[in-house]
Amino acid sequence: MDIPRMGVPERLAERMSMAEQHEYLRARFSRRTMIRGGAVTLGAVAGGAFVPGATAQAAVPTARTAPAAETVDGAFVAPFGRHLAYGADPRTEMTVSWQVPVAVKKPFIRIGAHPTDLSRKIDAEVRTLFTPAGVGASGNHTQYYVHAELTHLRPGRTYYYGVGHQGFDPAEPHLLGTLGTFTTAPAYKAPFTFTAFGDEGVSYHGLANNSLLLGQNPAFHLHAGDIAYADPSGSGQASDTGFDSRIWDQFLAQTESVAKSVPWMPAYGNHDMEAWYSPSGYGGEEARWNLPGNGPDKKNLPGVYSFVYGNTAVISLDANDISFEIPANLGISGGTQTKWLEAQLKKYRASKDVDFIVVFFHHCAYCTSTSHASEGGVRQEWVPLFEKYTVDLVINGHNHQYERTDVIKGNKVAKKLPIGGTAYPETDGVVYVTAGAAGRSLYAFSAPLSYEGNELDVDSVASFVNIKGGKQNETVAWSRVRYLDYSFLRVDVTPAPKGRTATLKVRGIAESGEQVDHFTVARRAK
């Protein structure tokens, strides 16, 4: 059955790059065609995903999309889907993003040190995203994403904020319940916690995992790709249903309980490439997120960036650029991402302020799932750099399960790392965790499960790695923990005086709240 993938027939999409799919859709849903059909918005006429700097009232909706802005009373329109993201410096920069269901006038954010003192008012930017009927499962659909970049904040300070627009002012007494808070990173090394997972989507299990995240009191959350699953065909399966941009509305509402106060930092996965909006597939992501923007190529790789929190550097990568398994964006950076990665690793490893380096991205370097298993492009391009610069922890998604390796160096077990064990990256090697069980349907393992309270060591596991020519079978000894239920990662970072031992205590936590794995990464503090 030839099921369309975001409006592209399956038989064609499987042979097309993301840029080719984009051109196909743009030709099929051209301005001439859309004008004949009577569905035109500013984004469609401009030929782009959104118009930077445009305000929501600048959109030109019709009866087939949304009511005109002048007919909407802002008092009856409430913002939703708030989500935070750091700027390049988490100590002083934060972006607050949100969504409105229809066009509004003069959106803004109020911010202050106390909920009754929100006198500082800052204009916000609206990015209008139009998806025509035929591209997705819905009819013509316009989305309005709003962003406010906050700079010159004070380190380690908690701020109160409210988002609004003409007719909806969060400083009004009856709207104080809509306020949110965030806390900037401290200016010094101090203990903190962060959480991570991949592959959430919209589901009861995703909601259940989110309900546990806040209880961990994380400073920030890492989402290792495959965010909302508006494009379920990202896996390349002909049985997948069509693209539906409205899923993003549901996802941002689902995650708001966490993301309105905890910076939600995503990397992009294969399901996050949406061909209609831009040649790279990330035009929709650029409308919905406002990330640090300090990577090598913001146009083609907006999900590649880095930041430092306390004594820990975090690097987000885009593995679509090097994926042999799903090559829609293979080689899109022309090698610049890998060069940038090495420069970042070299810089952070030399920094006197950074003890730990955590890297997260979507496709797995090492995993024995029966679905996607391991990505040969990651092993070829990035694993040698992780080992050269002794990366402390690598977090992946893609495979919908929890798996943790022993310490790996040179594609082999350098040191067994049992549950409760300690790894020393400076001498041992790198530990890889697949944390892709955030909410989507679970995959499977070929080997027996082995997790805390149910340990079952095996000498070897039959698996495969995706290489340029297809799948290559392999038998591996590095699969240490395998857990098959919904879960996420909690990482507790403890700095130490110079010369003493700083630690990352990593825990796998099930949707039930039970601990299914724990280990420590230790390094001499600078």
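This presentation goes through one protein chain, from its overall make-up to its sheets, its cores and a few individual residues.

Good morning, colleagues. Please keep in mind throughout that this is a predicted model. The protein chain has 526 residues, and 60% of them count as buried. The secondary structure comprises 10 helices and 27 strands. If we take the contacts with a sequence separation of 6 or more, 72% of them are made by residues 24 or more positions apart.

I begin with the antiparallel sheet. This is an open sheet of 4 strands, and their order is β1-β2-β6-β5. Which strands stand at the edges? They are β1, residues 80-86, and β5, residues 125-131; each has a single partner strand, so one side of each is left without a neighbour in the sheet. From one strand to the next, the twist averages 20°. Strand β5 runs antiparallel to β6, residues 141-150, and 7 bridges join the two. Within that pair, Thr131 is placed opposite His141 of β6. Helix α6, residues 246-259, lies across β1, β2 and β6, and it runs at about 65° to β1.

Let me turn to the parallel strands around β10. Strand β10 covers residues 220-224, and 5 of its 5 residues are buried, so the strand is largely enclosed by the rest of the structure. The side chains divide between two directions: Phe220, Leu222 and Ala224 point one way, whereas His221 and His223 point the other way, and all are buried. Two parallel partners accompany β10. With β9, residues 192-197, the pairing runs over 4 bridges, and Phe197 of that strand stands opposite His223. With β11, residues 264-267, there are again 4 bridges in the parallel sense, and here the bridge partner of His221 is Trp264. As a reminder, strands of a sheet pair through backbone hydrogen bonds, in either the parallel or the antiparallel sense.

The connection from β9 to β10 involves helix α5: β9, α5 and β10 make a β-α-β unit, and its hand is right. Helix α5 spans residues 204-213. At its start, a side-chain oxygen of Ser203 comes within 3.3 Å of the backbone nitrogen of His205. The buried residues of this helix are Gly206, Ala208, Asn209, Asn210 and Leu213. What covers these buried residues? The cover includes β9, β10, α6, β11 and β25, the last of these being residues 487-494.

Asn209 deserves a separate word. With a relative accessible area of 0%, this asparagine falls under the 20% cut-off and is therefore buried. A polar atom of its side chain lies 3.0 Å from the backbone oxygen of Ala438. Beyond its neighbours up to four places away in sequence, Asn209 touches Phe197, Ala437, Ala438, Tyr486, Ser487, Phe488 and Glu511. Phe197 in that list is the residue we met opposite His223.

Next, the nonpolar cores. The largest has 99 residues, and Phe182, Phe220 and Leu222 touch the most other members. Helix α6 gives the most to this core, with 6 residues. Phe220 is in contact, leaving aside neighbours within four places in sequence, with Tyr86, Phe192, Thr193, Phe194, Thr195, Val262, Pro263, Phe307, Tyr309 and Val314. There is also a second, separate core of 32 residues, and Val304, Tyr366, Val378 and Tyr432 are among them.

I close with two places further along the chain. The hairpin of β18 and β19 has 2 residues between its strands, and Gly410 in the turn has a positive phi of about 65°. Its strands, residues 407-409 and 412-415, pair in the antiparallel sense over 3 bridges, with Lys409 opposite Lys412.

The other place is Phe445, in the loop between β21, residues 432-435, and β22, residues 461-467. Is this loop residue buried or exposed? Phe445 counts as buried, at 12% relative accessibility. Its contacts, not counting residues up to four places away in sequence, are Thr368, Ser369, Thr370, Gln401, Tyr402, Glu403, Arg482, Tyr483 and Leu484. Phe445 and Ala373 lie 72 residues apart in sequence, and their C-alpha atoms are 9.4 Å apart in space.

Thank you for your attention.

Terms used: Residues numbered from 1 in each chain as written. Predicted model: local features only at pLDDT ≥ 70, side-chain atom pairs only at ≥ 80, totals over all residues. Heavy atoms only, no water. Pairing = 2+ DSSP bridges. Axes fitted to C-alpha atoms, helices over the stretch in contact; angles between N-to-C directions. Contact = heavy atoms within 4.5 Å. Buried < 20%, exposed > 50% of the residue type's maximum accessible area, 1.4 Å probe, protein only. Polar contact = N/O pair within 3.5 Å; in protein donor to acceptor, adjacent residues only side chain to side chain. Right-handed = clockwise from strand over helix to strand, strands pointing away. Core = buried A, V, L, I, M, F, W, Y, C linked by side-chain atoms within 4.5 Å.
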